[in-house]
Each structure stands twice: as structure tokens, then as C-alpha cells.
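Let's take a walk through this protein together, one piece at a time. Keep the 3D view open and follow along as we go.

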Amino acid sequence: MKCVAKRTLPLVMAAGLGLGATASWGAESLQDVMKRRNLSQQDLLAAAKTYVPTGKRDEFVVFSSGGQSGQIIVYSIPSMRILKYIGVFTPEPWQGYGFDENSKAVLKQGAIDGKDITWGDTHHPAISETQGKYDGQFLFINDKANPRIAVIDLRDFETKQIVVNPVFKSEHGGAFVTENTEYIVEAAQYPAPLENRKFFPLEDMNEKYRGGITYWKFDRKEGRIVAKDSFTIEAPPYWQDLSDAGKGPSRDWAFTNSFCAERYVGGIEKGRPPYEAGCSAKDTDYLHVMNWKKAAELVAAGKAKKINGHNVLPLEVSVKEGVLFLVPEPKSPHGVDVSPDGKYIIVGGKLDTHASVYSFDKIMAAIQAGKFESKDPYGIPVIGMKEALHTQVQLGLGPLHNQYDSKKCVVYTSMYVDSQVAKWDYCEGKVLDKISVHYNIGHLMTMEGDSADPKGRYLVALNKLAIDRFVPVGPLHPQNHQLIDITNDKMQLLYDMPLPLGEPHYAVAIDATKLKPGVRYKVGTDSRTDKPHPGAVRAGEEKVVKKGNKIEVFGTLIRSHITPETIEADVGDEVTIHLTNLERAQDETHGFTVSTYNVHASVEPGKTVTVKFKADKEGVYPYYCTEFCSALHLEMMGYLLVKPKGWKPTKTGLAAQGYTEADYKATVKKVAETQAVIDSVVGYITSVNYKDFPDVVAMVEDATDQLGKMKDAKAKHEAAAGKKDWEQANLWAEQVFQYQVKAADLGLRAKTYLEQNGAKKIK
Ligand code: RUQ
Ligand code: CUA
């Protein structure tokens with residue numbers, strides 16, 4: 001390449017741009033950049049593996065827990081670019097989540113005992129599965145602090161439902177799905193009495209406190225959890241922890257870890273050793289092995305008792321019917337992860353240096369033979385550890401979680417204390433490789449690595465501490481998600497990504513091509529219920545209805561105006577505003593807010609949203625569109641006029657602009673010139689096979705819509721001109737121009753799209 005820029009760029013200009021006098025960036029070679037930025041060959045290789053060129057897309061999409069933010073963070077691999085935050089348990093203003101009535105209704109489902117809870121401690125996202133493979137349809141996530149599960153529809157990445165666990169006071173082992181997403185598993189964490197508002201002292205821990213594992217029934221067609229068909233398997237007051245559902249041969253079973261099987265009660269303030277000592281004193285805890293299929297049948301047969309109106313399968317029933325078994329596991333374990341073929345269950349030791357590989361076949365053989373080493377204090381049969389183990393592998397300090405590779409028998413385990421990831425063979429029981437991460441890794445994630453069909457390729461270490469890895473931003477540090485290449489025998493660290501929102505515990509990554517989200521709603525949809533919104537209207541049907549002290553506005557949004565542009569209220573009125581976005585073009589979202597009334601809506605194409613408030617103070621309050629949707633976006637506004645009690649108008653008519661015939665003629669000329677541009681764009685679009693491109697068809701429909709409105713405005717300016725009302729004539733002619741601008745904008749966008757996507761000439 002010739003050094004053109006270097007020679008032609010005037011020196012003064014280069015200096016003015018802050019570039020060195022001898023080298024302009026446009027002319028730098030790769031070597032120059034490496035030297036200037038102090039990069040090694042290894043760095044360059046990592047960059048080449050993660051860089052996604054402008055305009056290109058990533059291969060995998062990650063749904064990361066947002067930790068204490070109560071949200072979900074969406075980013076993509078390998079570039080690690082953040083794509084979206086999804087409001088889940090916490091209000092999220094951009095999406096209007098918690099600021100419009102429709103989303104408020106979803107957050108309201110998460111209220112507990114009548115109290116709104118507007119945050120969540122999200123831990124484990126799960127993607128819906130079909131035959132154990134990610135199907136990209138739904139996403140679930142749990143809230144540990146206030147035991148709840150949320151359902152997100154991946155057609156629009158919106159939270160649709162929140163269900164409150166009726167019998168737990170905390171939980172951790174959710175959300176994990178069964179092989180065909182029949183159920184979403186949610187295991188308790190800290191034992192408590194199952195009945196609501198029941199008090200028992202800590203002395204009653206063994207008798208009155210209980211744990212459990214809830215199975216939420218999922219209706220895939222409705223896209224919602226069905227609470228009445230869900231149930232909980234009562235469990236002893238061991239601290240149930242992470243869970244995983246079986247697949248393949250183990251599909252009817254699920255597995256939940258526990259710790260503090262000591263059932264220890266602390267009390268440091270009373271001179272007792274703290275929980276941390278008492279809960280890890282013994283060498284083993286219990287893996288809970290459950291036949292959820294059988295449990296569901298027993299519940300259907302009426303064997304459950306109702307606690308707080310919810311089906312709970314009592315311990316005695318589970319024991320008698322062979323629903324629940326225990327297997328000892330060493331010592332305060334953490335993650336439990338079923339292998340892709342469903343034959344092995346790997347448990348991270350946490351306080352033990354081993355990972356334990358249990359064999360599902362062996363567990364079943366012991367159950368079938370009735371070969372148990374003992375019973376726990378609640379009468380649950382305990383299978384001997386040796387009976388159930390396939391192998392144990394010494395990995396290092398603090399093994400926590402496991403994720404599988406696409407390569408047979410290969411698994412990766414995070415080691416919290418060692419700050420390492422171990423790659424090992426769970427069939428042969430040997431360590432293959434280790435890599436250091438920065439620092440103190442919690443979960444780890446491979447691509448679709450907890451499914452029946454892991455994709456290998458990349459691994460992300462979800463590190464709890466970042467310490468010195470990033471530019472300091474105060475005592476509260478971001479977390480560090482580190483991307484690791486696992487294609488080869490040796491793992492290679494590629495990239496550090498600071499995650500600036502809460503402590504993401506777990507994340508799941510799906511092949512991006514499996515996601516098929518929509519770009520617009522059917523006009524008039526309430527996106528939170530997926531049903532037609534009763535407040536939706538079409539263009540020309542906008543209206544304001546006042547009944548007593550209630551005002552209901554049925555409005556629309558389209559570039560660049562809100563209909564209506566004035567809303568008049570009397571102080572004290574209750575104002576309800578329904579807004580439908582009439583756009584069909586992709587990414588033409590409008591926002592809506594009213595000054596000082598704490599409402600906000602995001603209204604994507606086709607969506608209808610309602611905001612509601614009490615106009616409790618007289619005055620003048622602008623409302624406007626909050627998304628920069630077009631060149632005339634700032635004009636997309638209106639006034640809420642809140643009139644004081646007993647107010648009477650004194651003036652009639654608004655101030656005039658004083659337009660003349662010459663103004664009108666100039667505008668008409670501008671309109672004619674613009675039309676020529678539009679005609680040429682239309683000529684191009686219709687000369688190619690644009691109908692083969694659905695995105696373009698939508699843009700064309702939308703543009704046609706804008707042009708259609710022109711007719712009405714044109715009739716108005718011509719009528720006014722006929723009456724020599726130059727004021728009205730000029731303004732309506734100007735409005736014709738505004739419709740043209742929007743149509744032209746769409747037309748040009750469609751043209752560019754067609755040119756870039758290889759549209760072909762048609763005769
Ligand atoms: S946890 S760091 Cu909440 Cu999944 Cu293991
Ligand atoms: Cu609509 Cu700005």
C-alpha cells in the first residue's frame with residue numbers, strides 16, 4: 001500500500017489532530033501499531049480471534065445474570081460487545097419497564113405479601129430446551145433474595161411473567177430446565193418454615209424448618225408458568241444449593257446439591273462459632289436425587305398437601321414412593337452439572353479439592369437393588385458414595401462449577417481459591433490443562449455448555465474479583481468476564497471484559513442463529529401480555545374521552561408527531577394515555593414522557609403502551625418523544641395543560657404567523673422538487689426484486705403510509721389557498737413536505753439495503 005495520506009495530509013493538520021509529525025494513523029503498518037501500542041504477537045492473535053469487523057455480527061449471544069441489579073445483560077461472543085440490558089426484577093427506564101402501566105403489571109406480579117419488591121439478586125439464567133438442546137425461545141432467571149422466577153420471551157427480549165415461590169423464603173438452585181422445558185427447577189437455600197407467617201424458634205430447626213425443590217410447570221404455547229400445576233418436593237433443612245435436570249437416560253430425574261447438612265445454627269453474638277464453622281464441620285453433605293416425573297404423577301394423583309395454596313409433596317410420600325434419594329458428596333459442594341449424554345453428574349467440591357463424577361447408571365442400580373448404606377434422620381435412603389461414584393479427580397482449591405466441551409469426555413471446572421480453570425477428562429479421570437484467570441472465578445460458561453449439544457470454541461470465566469485489571473473506578477469494582485479460546489489443546493486467554501452491573505453469577509451462551517426475534521409487533525399489541533391492547537387505535541381514530549375526573553387518551557405516534565398534541569385536564573384528574581406506534585420500519589421506536597409525572601414508555605413499532613398518573617398540580621407540562629426518531633424528533637411533542645379550579649378562558653385564537661402567498665408558493669416549489677427525488681428512489685426500488693426482502697417490504701409499506709397521509713394535507717393546503725388563507729395553506733404545504741422527508745428517508749434506507757444485499761433488476 002502506498003503512503004498517500006502521509007504525503008498529502010498537511011503537516012499543520014496532522015499536528016492539529018494530535019498526530020505525530022512523522023506518522024499519521026492512516027499510513028501505519030501493523031508493525032508500527034504493535035510498536036506504538038506495545039503489543040505482542042500473542043496479543044495480535046487474541047485480537048484477531050475476538051475482533052468482529054464493523055458491520056459483521058458475532059457468533060454467540062450471552063445472557064448473563066445482572067446480579068444485584070435484578071436485570072439480564074446481553075452480550076455477544078467473541079467481540080464481547082454489550083447488546084442490551086433486559087429489565088427483569090428491577091425498573092429499567094429505557095424500556096419503560098416499571099414506568100408504564102403494562103410493564104408495571106409484570107413487576108407487580110413479583111410483589112410479596114402485598115409489598116412491591118423492585119430489586120432482585122439474579123443468579124442463574126436458563127434457556128428453554130427441546131430434547132436437551134437450546135431452542136432459543138424462552139429465558140428464565142431466578143431471584144435468590146426474594147424467591148422468584150421470571151420468564152422472558154426471546155421473540156422480543158421482554159419480561160412477561162414473574163412468579164413468587166409460595167413456600168420458600170430464599171432460593172438459589174434455579175433456574176434450571178428439564179429436558180423439554182416441562183418444568184423449571186428452583187431449589188431453596190436457607191431453610192425456614194414452609195407455611196407463611198409461621199414463627200418457630202431456631203431451636204426447632206430440625207423439626208419445623210424445611211428446604212425443598214420447586215418444579216414450576218411451563219406452558220410453552222402460552223409462554224407462561226402455570227402455578228397451579230407446579231409443585232414442591234419437601235426436603236430436610238439441609239441448605240439446598242445448585243440443581244440440574246437430567247437428560248437422555250436421566251431425563252426423568254433431577255439433582256440438587258446441598259451443604260450445611262449439619263443443620264447447624266450459628267449465633268456468634270452469643271459466643272457460638274459462626275455458621276461458616278458449623279456448616280462445614282463434617283466431611284460430607286448430600287446430593288439430592290429426585291424422580292421429578294414420578295413426583296408430578298403423585299401430585300396429579302392428589303398425594304400433595306397444600307401449603308400456602310401450593311402443592312407440596314411431603315417427605316414421607318417421597319420416601320415411600322421412591323421419589324427422593326440422597327448420595328453423600330464431599331464437602332460443602334457447589335455446582336452440580338449433568339453431562340451432555342445424561343450419564344454422569346459432576347459435583348464441584350468447593351471445600352474439597354476434588355470434582356466427583358457420579359454415574360447415573362450406578363445410582364439407578366443401587367436404587368433398583370434397594371442397596372442403601374443408611375437413612376438420613378428424615379428416613380430418606382442414602383446411597384453409598386462408593387456405590388454411586390464413577391471417579392474423583394483432584395483438581396485444585398475450590399472447585400465450583402462445571403461446563404462441557406463439544407469434545408467427548410472433556411469438561412472445564414472453575415476453581416475459586418486457585419483462580420484457575422481446569423480442563424479435564426471425566427471419563428478417564430485425568431487433568432488435561434489449566435489456565436490462570438483474574439481473579440477468583442465463580443461460574444464459567446462454554447457455548448451451550450450445559451446442554452445436550454455443547455458447541456465448544458469459547459469459554460468465559462466469570463470472575464468475582466477484578467482487583468487491578470481495569471482503570472480504577474472507585475472502591476466498587478466491575479466484575480471481570482474473561483474470554484478463553486478452547487479450540488485447541490491448550491487454553492488461550494483472549495479478552496477481559498468489565499461487567500458494570502451487579503455481580504453476574506451465571507451466564508448462558510447460545511448460537512446466535514438460533515435466535516429469531518421480531519423487529520416489530522402486530523399493530524396494537526400489548527407486549528407484556530402478547531394480546532391486543534384495548535387502548536390501541538389506528539391512524540385517524542385518535543380520541544380523548546373525559547368521564548367525570550377521568551381522562552382517557554387514545555393516541556398514536558408516527559414520525560414526527562404525537563396525536564393528540566394538546567391534552568387538557570382539570571387539576572386532580574386521573575390521566576390515562578394509550579399510545580400506539582404506527583411505524584412499520586425497523587428500529588423506529590418512539591419514547592414518551594410527561595414532564596415531572598414520572599412516567600416513561602418505550603413504544604417500538606406496532607406496540608401499544610399505557611401511562612397513567614394523577615394530574616395533581618395545575619400548570620403547563622410538555623410531553624415529548626424521548627427517542628431521536630427523525631430530523632423532526634424535537635418537534636415530536638405536545639402540552640398537558642392542567643387547569644386550576646374554576647379557570648375560564650379570556651382569549652380566543654392563537655397568535656398568527658403572518659405567512660404570505662410568496663411563502664406558500666416557495667413551499668409548494670420545495671414540495672415539487674422533493675417529489676422528484678422520491679420518484680427516482682421509488683423508480684429504483686420498483687426496478688429490482690425488492691419484494692424478496694421482507695425488511696424492505698416493511699419500509700416500503702411504511703413509506704407508502706407516510707405518502708398516503710400527504711393526500712389529506714395536500715387537499716387541505718389547496719383548499720386554504722383557494723380561500724387565500726395563506727397561513728393555513730403554507731402550514732399544510734409544509735406538512736406535505738414533512739411526510740415527504742420521512743418517506744424519502746425510508747426510501748433511501750431501502751435503496752441502500754437493496755444495493756448492499758444484492759438486489760437484482762427485474763423487467
Ligand atoms: S452461584 S459462584 Cu449463585 Cu451459581 Cu456459584
Ligand atoms: Cu419519536 Cu422522537
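The link between C260 and C279 is left-handed, with -60° about its S-S bond. Keep in mind that what you're looking at is a predicted model. What is a link like this, anyway? A disulfide is a covalent bond between the sulfur atoms of two cysteines. In the C260 to C279 disulfide, the S to S distance is 2.1 Å. Now trace the chain: C260 sits in the loop between β13 (253-259) and α7 (275-278), while C279 sits in the loop between α7 and β14 (284-291). The two cysteines are 19 residues apart, and the pair links distant parts of the chain.

Are these two cysteines buried or exposed? C260 has a relative accessible area of 0%, so it counts as buried. C279 is buried too, with a relative accessible area of 6%. The cut-off behind that word is a relative accessible area under 20%.

The structure holds 2 disulfides, so let's find the partner pair, C409 and C427, whose sulfur atoms are 2.0 Å apart. C409 lies in the loop between β24 (399-404) and β25 (410-415), and C427 lies in the loop between β26 (420-425) and β27 (430-436), so this disulfide ties together parts that are 18 residues apart in sequence. Its S-S bond has a value of -85°, and the link of C409 and C427 is left-handed. Here the two ends have their own stories: C409 is buried at 12% relative accessibility, whereas C427 is partly exposed, with a relative accessible area of 25%. If you number the bonded cysteines of the protein in sequence order, the pairing reads 1-2, 3-4.

While we're on cysteines, have a look at C625 and C629. C625 is buried, with a relative accessible area of 1%, and C629 counts as buried as well, at 6% relative accessibility.

Next, a sheet. Strands of a sheet pair through backbone hydrogen bonds, either parallel or antiparallel. In what order do the strands of the open sheet of 4 strands come? The order is β3-β2-β1-β32, and the pairing is antiparallel. At the edges you'll find β3 (81-86) and β32 (507-511), each of which pairs on one side only. Neighbouring strands in this sheet are turned by 25° against each other on average, direction ignored. Zoom in on β1 (residues 60-65) and β2 (residues 72-77), an antiparallel pair with 6 bridges. There, F63 stands opposite V74 in β2.

Last stop: the helices. Two packed helices are described by the angle between their axes and the distance between the axes. Helix α13 (residues 694-722) packs against helix α14 (residues 726-756) at an angle of about 165°, with the axes 8 Å apart. Why is this pair called roughly antiparallel? Angles over 145 degrees count as roughly antiparallel, so α13 and α14 fit that description. The crossing of α13 past α14 is left-handed, and their contact has 19 nonpolar, 5 polar and 7 charged residues.

Helix α14 also meets helix α12 (residues 661-687): the axes come within 9 Å and cross at roughly 20°. That angle makes α12 roughly parallel to α14. This crossing is left-handed, and the contact of α12 with α14 divides into 16 nonpolar, 6 polar and 6 charged residues.

Key: Residues are numbered from 1 along each chain as its sequence is written. Chains are lettered from A and ligands numbered from 1 in the order in which they are written. This is a predicted model: local features need pLDDT of at least 70, side-chain atom pairs count only at pLDDT 80 or more; totals for chains, interfaces and linings use all residues. Side-chain values use heavy atoms; hydrogens and water are left out. Two strands pair if DSSP finds at least two bridges between them. Axes are lines fitted to C-alpha atoms, for helices over the stretch in contact, and angles run from 0 to 180 degrees between N-to-C directions. A disulfide is a pair of cysteine sulfur atoms within 2.5 Å. Buried means under 20% relative accessible area, exposed over 50%, partly exposed in between (1.4 Å probe, protein chains only). Angles under 35 degrees count as roughly parallel, over 145 as roughly antiparallel, 65 to 115 as roughly perpendicular and the rest as oblique. A crossing is left-handed if the near helix is turned anticlockwise from the far one by less than a right angle, and right-handed if clockwise. Ala, Val, Leu, Ile, Met, Phe, Trp, Tyr, Cys and Pro count as nonpolar, Asp, Glu, Lys and Arg as charged, and the others, Gly among them, as polar.
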